[in-house]
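Me: I have a fold open on my screen and would like to learn how to read it. Could you take me through it feature by feature?

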Amino acid sequence: MSLIPEIEAFLGCRTPDAWVQAALADQETLLIDHKNCEFKAASTALSLMAKYNTHLDLINMMSRLAREELVHHEQVLRLMKRRKIALRPLSAGRYASGLRRVVRTHEPVKLVDTLVVGAFIEARSCERFAALVPHLDEELGKFYHGLLNSEARHYQGYLKLAHQYGDAADIERVVEKVRAVEAELISSPDEEFRFHSGVPA
């Protein structure tokens, strides 16, 4: 897929092979957490719409994004049902909260930082789907390959909005800062396996 090199250049590291092996060994947890991630992505979009309710372009993009993420959520649920994977509670991993810790707390830079973090989450999701696809069964491989395009598009959308509402030089600094934190979360040992977890400890 044409955007993958751009996304790999944006990210600070590639998904470690150990994570791919853990995902293949525990596809049940992978799918449950993937479902949760799609729901959280929709929730994030809706909360941004509520918080920044005078930002027309943001509202339009987030409305479309929330609908798309909920469709993905339903698609994962259907896949789980076909595979007889029961729903069970799963604690959130450290990834999103680790990224949110670097978001500045005052506006308008809080919005810009939040959008940059969103771009990294979508970029990593895209890269992870690409890492998994060659190793999956036909049904799941086809589904995840289909999600690559939308995650790549969401990554671009988040970044475009950040540039719309922020200053280019400041955004560059934020991207560098978030990239370092994101790469550390992905490449360091992690106690629990999740869709965005680090190297299995």
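Me: Let's start with Glu127: in which helix does Glu127 lie?

Reply: Glu127 lies in helix α6. Keep in mind that this is a predicted model.

Me: Does Glu127 count as buried or exposed?

Reply: The idea is to look at relative accessibility, where buried means under 20%. Glu127 has 4% relative accessibility, so Glu127 counts as buried.

Me: Which residues is Glu127 in contact with, leaving aside its neighbours within four places in sequence?

Reply: Setting those neighbours aside, the contacts of Glu127 are Ile7, Glu8, Leu11, Arg14 and Thr15.

Me: Now His34, please. Where is His34 found, and why does His34 count as buried?

Reply: His34 sits in helix α3. Its relative accessibility is 2%, and therefore His34 counts as buried. Beyond its neighbours within four places in sequence, His34 touches Val76, Phe129, Phe143, Tyr144, Leu147 and Phe195.

Me: Val76 caught my eye. Which buried residues does α4 have?

Reply: Val76 is one of the buried residues of α4. The others are Leu58, Met61, Met62, Leu65, Ala66, Glu69, His72, His73, Leu79 and Met80.

Me: What covers the buried residues of α4?

Reply: The cover includes α3 (27–51), α6 (109–132) and α7 (138–165). You have met α3 as the helix of His34 and α6 as the helix of Glu127.

Me: How many residues does α4 have, and how far does α4 reach?

Reply: For a helix, you can compare its end-to-end reach with the span expected at 1.5 Å a residue. Helix α4 covers residues 56–82, which is 27 residues. From first C-alpha to last, α4 reaches 40 Å, close to the expected 39 Å. Just after α4, Lys84 takes a positive phi of about 55 degrees.

Me: Let's zoom out. How many helices and strands are there in the protein chain?

Reply: The protein chain has eight helices and two strands. Reading from the N terminus, the order is α-α-α-α-α-α-α-α-β-β.

Me: What does the radius of gyration tell me about the protein chain?

Reply: You compare the radius of gyration with the value for a compact globule. For 201 residues that value is near 17 Å, and the protein chain has 16 Å, so the two agree. Along the principal axes, the C-alpha atoms fill a box of roughly 45 × 35 × 30 Å.

Me: And what share of the residues is buried?

Reply: Buried residues are 51% of the 201 in the protein chain. As for contacts with a separation of 6 or more, 81% of them join residues 24 or more positions apart.

Conventions. Residues are numbered from 1 along each chain as its sequence is written. This is a predicted model: local features need pLDDT of at least 70, side-chain atom pairs count only at pLDDT 80 or more; totals for chains, interfaces and linings use all residues. Side-chain values use heavy atoms; hydrogens and water are left out. Helices (H or I, at least four residues) and strands (E, at least two) are DSSP runs, numbered from the N terminus. The expected span of a helix is 1.5 Å times one less than its number of residues. Buried means under 20% relative accessible area, exposed over 50%, partly exposed in between (1.4 Å probe, protein chains only). Contact means heavy atoms within 4.5 Å. The radius of gyration is taken over C-alpha atoms; the globule rule is 2.2 Å times the number of residues to the power 0.38.
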